[in-house]
Amino acid sequence: MELYDSTIREILGRVEANSPRSWPYEPGGAWPDNGANELVLGRDAAFELGGGNLPASNCTCVTTDGSLVPEDRIILVGQDLGALRADTPFARIVLLHVNSISGDDQEAFRTIRDMEFVKYHVFPQGYMMRVSPENGREQVRVSRQAVKRGISFRNIGDSFIRKYKENKLIDHACVIFVTGGRELCKELADTGKKVDAITLTLNHIMDGLATDCSVCSFKPVCDEIDGLKELHFKKGAKPMNI
Ligand code: SF4
């Protein structure tokens, strides 16, 4: 699974150029989890990540190249939750190193979809995520109470990684948070759209529909991302049905 590798390199390059801080994963550092969505009312909120019209995005990239995600790690660019005083641009990116999904393409695709769903199954107390699959936005309302109790991105990263590691196919997970930099967050939101486009194209390919590249609406993605066309046509002249 190399479809996302060039995007992962692009993301890591951007992050490393912006003086990130980072921490190793500690399961015990995960923030208390509600087990279900908690409503944080506006009047109880300290601030909102990606609030209003500020950039707010998330994306998940999967690779089988262990050198791209060599360990479980949390990375932060910008201010931590305890230092923020107002709404801020925001991006959350997850990089996953997975084992043994390169064999069966359909299984690989199912695995990627399962991994995507993790973002709907992490419920840190006082950290209300609102994810919009239509436009790729992820806004987070953080309660004053959680800030008072010392919530940090390190805790939230530990919560996400703990959930990802329930999936035995995942060797390593890296969760990257970005706050503050409007330009950087906008660029990362665009990258998130590109990742969605790759996943959507993969979806189309996995449906095994016979089609002609010259009239296919996914052509711009297939022209840019190495491996998609090969995946569609690897069983000969016609798109494979797997
Ligand atoms: S390989 Fe061709 S037909 Fe298949 S999704 Fe890409 S552009 Fe469309």
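Which glycine takes a positive phi in the hairpin of β6 and β7? The views below start there and then move through this predicted model.

**View 1. The hairpin of β6 and β7, with glycine 136 in its turn region.** The answer is glycine 136, whose phi lies near 70°. This hairpin has 4 residues between its strands. Strands β6 and β7 (residues 137–143) run antiparallel to one another and share 6 bridges. Two of the pairs are easy to pick out: serine 132 has arginine 137 of β7 as its bridge partner, and methionine 129 is matched with valine 140 of β7.

**View 2. The antiparallel sheet that holds this hairpin.** Step back a little and you will find an open sheet of 3 strands, ordered β2-β7-β6, with antiparallel pairing. The edges belong to β2 (45–49) and β6 (127–132); each has a single partner strand, so one side of each has no neighbour in the sheet. From one strand to the next, the twist averages 15°.

**View 3. The mixed sheet and its strand order.** Here 5 strands make up an open sheet, and their order is β1-β4-β8-β5-β3 with mixed pairing. Its edge strands, β1 (21–24) and β3 (56–63), each pair on one side only. The twist in this sheet averages 15° from one strand to the next.

**View 4. The parallel pair β3 and β5, with helices on the sheet.** Follow β3 alongside β5 (residues 90–98): the two pair in the parallel sense, with 8 bridges between them. A handy landmark is threonine 60, which stands opposite valine 94 of β5. If you are tracing side chains here, recall that in a regular strand they alternate between the two faces of the sheet. Helix α1 (residues 5–16) lies across β3, β4 (73–77), β5 and β8 (170–179), and its direction is at about 125° to β3. Helix α5 also packs on the sheet, where it touches β3, β5 and β8 and makes an angle of about 50° with the direction of β3.

**View 5. The contact of α1 with α5.** The axes of these two helices are 11 Å apart and meet at an angle of about 170°. At over 145 degrees, that angle makes α1 and α5 roughly antiparallel to each other. On the α1 side you will see Thr7, Glu10, Ile11 and Arg14, which meet Leu184, Glu187, Thr191, Lys194 and Val195 of α5. By type, the residues of this contact divide into 3 nonpolar, 2 polar and 4 charged.

**View 6. The shell around the ligand.** Of the 13 residues around the ligand, the nearest are Cys213, Cys216, Phe218, Cys222 and His232. Helices α5 (182–206), α6 (219–224) and α7 (228–233) each contribute at least two residues to the shell. The shell is made up of 7 nonpolar, 4 polar and 2 charged residues.

**View 7. Confidence along the chain, with a closer look at residues 235–242.** The protein has an average pLDDT of 88, and 93% of its residues score at least 70. Residues 235–242 are a stretch to read with this in mind: pLDDT stays under 50 there. For this stretch the model has 16 contacts beyond four places in sequence.

Notes:
Residues numbered from 1 in each chain as written. Predicted model: local features only at pLDDT ≥ 70, side-chain atom pairs only at ≥ 80, totals over all residues. Near = placed C-beta within 6 Å. Nonpolar A, V, L, I, M, F, W, Y, C, P; charged D, E, K, R; others polar. pLDDT = per-residue confidence, 0-100. Contact = placed C-beta atoms within 7 Å. Pairing = 2+ DSSP bridges. Axes fitted to C-alpha atoms, helices over the stretch in contact; angles between N-to-C directions. Parallel < 35°, antiparallel > 145°, perpendicular 65-115°, else oblique.
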